[in-house]
Amino acid sequence: MFRKAIWEQMNESLQTLKEEHRFRQCTAYTPIDSTHVELNGRKYLMMASNNYLGFTHNSDVIAGAQKAIETYGTGSGGARLTSGTNPLITELEEDLAFFKGTTKALVFNTGYMANVGTISGLMGPGDHILSDELNHASIIDGCRLSGADVHVYRHSDMKHLDELLADLPATGKRLIVTDGVFSMDGDICHLPAIVNLAKEHGALVMVDDAHATGVIGEGKGTAHHYGLSDDVDIQLGTLSKALGSEGGYVCANEVIINTLINHSRSFIFSTALVPAAVGAAKVALQLLEKEPYHIAQLRANVHDMSKDLERHNIPVAHNAIPIFPIIVGSDEKALEVSEKLFEKGIILTAIRPPTVAQGQSRLRLTVTADHTKEDLWYVADTLAEALKD
Ligand SMILES: *Cc1c(COP(=O)(O)O)cnc(C)c1O
């Protein structure tokens with residue numbers, strides 16, 4: 001292929017995306033506070049972030065990041081196995097393990113890297129991974145990278161999971177992996193059934209708490225929500241959503257953590273998390289325990305948002321999760337509604353394939369502790385209006 005043909009092929013593929021209403025672009029919003037951004041001199045209400053507790057702009061969390069920079073500098077200078085672990089990371093890992101009720105924890109640079117590195121670090125060719133069809137892309141990528149046999153079960157279909165497990169050959173390790181709170185639908189996985197099946201069929205259980213930490217189980221996530229923290233082998237999550245920072249983590253026993261330190265390539269070959277992110281996350285984690293009113297406020301807002309949406313006959317799940325999937329079907333319609341809301345000063349991004357299945361395009365409305373009652377009321381009214389035609 002000539003260079004000219006390479007460019008032609010890439011341009012054609014981008015053109016196709018545009019025609020299919022699937023072309024994606026980054027928009028340069030300027031953050032103002034935890035619930036507002038600015039664009040071209042206009043202020044917008046943010047209804048599409050995962051900043052569930054508003055911790056990105058919490059003064060204590062900011063101070064934690066500042067102190068970490070002043071004490072340890074802006075960068076960490078190298079991978080942990082090369083240039084060492086800064087004491088702040090050790091403290092954060094001890095805090096995370098204590099918080100989740102495990103013996104050990106390991107932080108990664110993002111939740112994405114935690115999933116990719118954990119699944120591929122623990123599982124390999126000849127092993128078997130059972131994965132929910134709606135699991136996050138980083139879980140899917142971790143499964144692919146591992147080289148293990150991947151068995152996808154229908155979303156939260158425990159009968160299907162049971163059948164797949166029953167059909168597995170006797171050899172190879174087994175891992176059941178699931179989102180705790182599903183990122184695009186906001187439903188909670190059926191953990192008690194998953195744990196039972198894992199015991200029956202000899203499998204490890206891994207739960208991704210990206211949208212559960214700081215949200216359910218007193219902020220401790222899905223395993224705590226169900227009282228099953230002793231039965232989940234791997235509680236993984238991100239520092240970048242409710243905790244308002246950046247980074248991923250894995251809480252597990254010493255065997256699993258040591259396996260990851262030795263086999264997880266996204267851990268081994270990447271420079272350690274920057275001190276600012278660690279300092280911020282450490283304080284955010286303390287706030288979850290010290291100031292439970294943040295989580296209480298989030299729950300109150302989720303309740304209010306549910307009421308406001310129901311006032312307009314928009315169906316809601318009532319599961320106390322701050323994710324409201326407003327499914328409209330076509331990509332075009334999702335974009336159209338999103339644009340109408342934008343004109344009214346609300347950012348509510350259209351979610352299209354491949355993030356969700358074909359015909360399931362939606363607006364993914366998220367509520368945070370920092371939204372006001374007036375914000376929620378206004379969003380429900382404006383959304384109902386935009387959905388009308
Ligand atoms: C956001 C998300 C991740 C990735 O975390 P990052 O820290 O943003 O890389 C992983 N899993 C799920 C379920 C997520 O929603």
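In the predicted model, T30 is positioned opposite E38, a residue of strand 2. The two strands concerned, strand 1 and strand 2 (residues 36-39), are paired in the antiparallel sense through three bridges. This pairing belongs to an open sheet of four strands, arranged in the order 1-2-3-12 and mixed in its pairing. Strand 1 (30-33) and strand 12 (346-347) form the edges of the sheet, each being paired on one side only.

Two local features of the backbone were noted. N40 is located in the loop that links strand 2 to strand 3 (42-46). The phi angle of N40 is near 50 degrees, a positive value in a residue other than glycine. A cis peptide bond, with omega about 10 degrees, connects P353 to P354. P354 belongs to the loop between strand 13 (350-351) and strand 14 (361-366). For context, most residues other than glycine have a negative phi, and most peptide bonds are trans.

At the level of the whole chain, the domain assignment yields domain 1 (22-51 + 292-388) and domain 2 (58-290). Domain 1 is thus assigned in two segments, 22-51 and 292-388. A distance of 26 Å separates the C-alpha centres of domain 1 and domain 2. Contact between the domains involves 18 residues of domain 1 and 22 residues of domain 2.

The ligand is surrounded by 14 residues, of which G111, D208, H211, T238 and K241 are the closest. By class, the shell around the ligand consists of two nonpolar, nine polar and three charged residues. Helix 5 (residues 111-122) makes the greatest contribution to this shell, supplying three residues.

Polar contacts to the ligand involve both backbone and side-chain atoms of the protein. On the backbone side, a polar atom of Y112 lies 2.9 Å from an oxygen atom of the ligand. Among the side chains, D208 places a polar atom 2.5 Å from a nitrogen atom of the ligand. In the side chain of T238, an N or O atom is found 2.6 Å from an oxygen atom of the ligand. The ligand taken alone exposes 380 Å², and 86% of that area is buried by the protein. D208 and T238, whose side chains provide these contacts, are also listed among the closest residues of the shell.

Notes:
Residues numbered from 1 in each chain as written. Predicted model: local features only at pLDDT ≥ 70, side-chain atom pairs only at ≥ 80, totals over all residues. Heavy atoms only, no water. Pairing = 2+ DSSP bridges. Near = heavy atom within 4 Å. Polar contact = N/O pair within 3.5 Å; in protein donor to acceptor, adjacent residues only side chain to side chain. Areas by Shrake-Rupley, 256 points an atom, 1.4 Å probe, with all protein chains shown as cover. Nonpolar A, V, L, I, M, F, W, Y, C, P; charged D, E, K, R; others polar. Domains from an automatic or database assignment. Contact = heavy atoms within 4.5 Å.
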